[in-house]
Amino acid sequence: MPLALLAMALQLRTASLGGAEAVRPAPAAADSARDARRARDAQAGFERVRRFNLPWEGSSGDRCEVRLGRYCWWYDESTPPLPPENETIARRRNELIAQLDALATLHPGDDWMAGMRVHYRVDARRPDAADSAARECRATRWWCDALLGYAAHVRGDARLADSAFAASLSAMDDSTRCRWTDIHMLLPNDSRERYEELPCADRSPVERRYWLLGRPRLGAPANEWRSEFYTRRVQSWLAERSRTPHNLSWGKDAEELLLRYGWPVMWGRVQQSGASYGASEPGVIGHDPSPSFAFAPREELLDSLTEAGDEGWDLRSRYGESRFAPSRIRRIAAMSVQLARFRRGDSVLVVAAYAAADDSLAAPTTLLAASVDDSLTVRGAPDSSRRGVARLMLAARPQLVGVEVVDTTTGTFARSRMLYRPDSAAARVSLSDLLLYRTAGDPATTLDSALATAVPGDTVGRDRPVGIFWETYGLASAGESVDVAVTVERIDRSWFRSARQALGLAAEDTPLRIRWTDARASSAGIAPHAVSLDLANLPGGRYRLTLSLTPDGATPVASSREIEVREQ
């Protein structure tokens, strides 16, 4: 699923690192200005050569899914079969790099030269050489760190890229940092307006939540999408001060297009409408990295009180505010996961039952991971199973938990995650999450016994009872009487079905309700419970399973889970 980005878009890349200033004679001001002009003339000359040696493409017609000022962007399902890069372009690029290297030796503090040395090595698909150039940077410290982050990101070193960009932001002045961390163009309309109304100092909660929820892989060493965004910031800084393949002035429309959809990795030219062949500057089409995906959360998840499962993300959306193509991911696959949290003293035990049946997962690596906040993610031990259970102990309650499966041999990535709302005020008695398991005989007496047959996902059949396991915390150690109620209520009624029921043309959906009184002692503050439910009389559909518990003289507490009842 490639991206095509119409003519007149953007261009450039970068990378670097801060280092000690070399002691060398300062060139005269006139020499510096002359060399700066030479460098910029050489860069502009190369881009003109590139533009007139790009392969010809067919017209894009009237395709336009996103209009941004002068630019038109659309999503393509396939990359055009462009030929290899023209030898003239490759030769002239190498000449430009050599000239930039020579001039940068004379002017090591020039930010633009330092950036271009890295950019054109990336442009030549020489990431290791770009990294070396970034480490040689002796320009402004924050800029060198940003260049190093970019080079590391291109090489696939997520941890280094993240730390380098963090160092860069830390070294910036407040005004520059505010511009670089601004994510208004990545937000949906309503959230974008509210965000732009905030002073810069008050925007960080929105930014932290966006990056927490937009992280593509909890199992990666760092947030690749955030590093990609700062990489695009570097590219934008350079493009604003340079010639691009489109030969257009840089503006806010070009910047927003770049920050949302990325820097093209392939270029082609098309004849300008109404112009004869060779009579004018060609139009240029930039093709973004592909396949790419929309990793940003749905707008409602930006509310800090929202809880959501996989429905909170639409990775395949064609019309998302942004897209990103992580390295070595060619396709997104589905998987079924059930997640549940259980208290263990001041810690939290997260358990998962999972199943990934996609045929392309030939050599999978599976792991359970959780983000306590936007700066702390804990990962469990990797496994090679496509189906199984996993456990992860955390020092605090997590905000985001997920199971991920990666197969680097086929480029397949599958994930399922859950976003939890913050804890409410602590009550004397509380409940764990509900864990569904396949019951066979007596109810489960421990978490381990329930987890051994836990349902991977939220789908259960009507042909056999389903077990529900949970733990109660805070009951008296000698035993305490509590009222327990289980309700299974349908939640997927369509307007048409509701109308038929109101007219008496369809039977009402009657919730399944069970009540009983339980008197159970707790051990170390934990009281395990389990019950078996017969769902044979429920029609297939989407239901909310709710368990409520009312201690004698105390406030009721509840735990719920959505389930899909499948016809058998």
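Let's start with Arg464, which is partly exposed because its relative accessibility is 39%. You'll find Arg464 in the loop that runs between strand E16 (459-461) and strand E17 (466-473). Please keep in mind throughout that this is a predicted model. Arg464 also has company: together with Arg387, Arg438 and Arg566, Arg464 forms a positive surface patch.

Now let me step back to the whole chain. There are 568 residues, and buried ones make up 51% of them. The chain has 13 helices and 22 strands, and along its principal axes the C-alpha trace spans about 90 × 60 × 45 Å. How are the contacts spread along the sequence? If we take contacts between residues at least 6 apart in sequence, 75% of them join residues at least 24 apart. As for the surface, the chain exposes about 25,500 Å², and carbon and sulfur atoms supply 49% of that area.

On to charges. We have 74 positive and 75 negative side chains here, and the centres of the two sets lie 3 Å apart. Side chains of opposite charge can pair when their charged atoms come close. How many salt bridges does the structure hold? The count is 39, and I'd like to walk you through a few.

The first stop is Arg117, which forms a salt bridge with Asp101, with 2.6 Å between the closest N and O atoms. This pair links distant parts of the chain, since Arg117 sits in helix H3 (residues 111-123) and Asp101 in helix H2 (residues 87-106), 16 residues apart. Arg117 counts as buried because its relative accessible area is 11%.

Next, have a look at helix H7. Here Arg177 and Asp174 meet through their side chains in a salt bridge, at 2.9 Å from N to O. The two are three residues apart in helix H7 (residues 174-181), so about one helical turn separates them. Are these two partners buried or exposed? Arg177 is partly exposed, with a relative accessible area of 26%, while Asp174 is exposed, at 58%.

Then there is Arg192, whose side chain meets that of Glu256 in a salt bridge of 3.2 Å, N to O. Arg192 belongs to helix H8 (residues 189-197) and Glu256 to helix H11 (residues 252-261), so this pair ties together parts that are 64 residues apart in sequence. Glu256 is buried, with a relative accessible area of 14%.

And salt bridges can also be joined up: Glu47, Arg50, Glu85, Arg93 and Asp123 are linked in a network of them.

Asp123 gives us a handy route to another residue, Met266. Met266 and Asp123 are 143 residues apart in sequence, yet their C-alpha atoms are 9.8 Å apart in space. Met266 lies in strand E4 (residues 266-270) and is partly exposed, given its relative accessible area of 24%. What does Met266 touch, leaving out residues up to four places away in sequence? Its contacts are Thr79, Pro80, Leu82, Arg125, Ile285, Gly286 and His287.

Let me turn to a residue inside a helix. Ser236 lies in helix H10 (residues 224-240). Why does Ser236 count as buried? Because its relative accessibility is 2%, and the cut-off for buried is under 20%. Setting aside residues up to four places away in sequence, Ser236 touches Trp250, Glu255 and Leu258.

Before I finish, here are some backbone details to look for in the loops. In the loop between H10 and H11 you'll meet Asn247. Asn247 is not a glycine, but it has a positive phi of about 60 degrees. Its relative accessible area is 26%, so Asn247 is partly exposed.

The loop between E5 and E6 offers another case, Arg328. Arg328 has a positive phi of about 65 degrees, again without being a glycine. Arg328 is exposed, with a relative accessible area of 54%.

Pro291 is found in the loop between strand E5 (283-288) and strand E6 (331-333) too. What is the form of the peptide bond from Ser290 to Pro291? That bond is cis, with omega near -5 degrees.

So if you'd like a place to begin browsing, try the positive surface patch of Arg387, Arg438, Arg464 and Arg566, and then follow the network that includes Asp123. Thanks for listening!

Conventions: Residues numbered from 1 in each chain as written. Predicted model: local features only at pLDDT ≥ 70, side-chain atom pairs only at ≥ 80, totals over all residues. Heavy atoms only, no water. Patch = residues over 30% accessible without salt bridge, like charges linked within 9 Å, V, L, I, M, F, W, Y side chains within 5 Å. Areas by Shrake-Rupley, 256 points an atom, 1.4 Å probe, with all protein chains shown as cover. Salt bridge = Lys/Arg side-chain N within 4 Å of Asp/Glu carboxyl O. Lys, Arg positive; Asp, Glu negative; His and termini not counted. Charge placed at Lys NZ, Arg CZ, Asp CG, Glu CD. Helix = DSSP H or I, 4+ residues; strand = E, 2+ residues; numbered from the N terminus. Buried < 20%, exposed > 50% of the residue type's maximum accessible area, 1.4 Å probe, protein only. Contact = heavy atoms within 4.5 Å.
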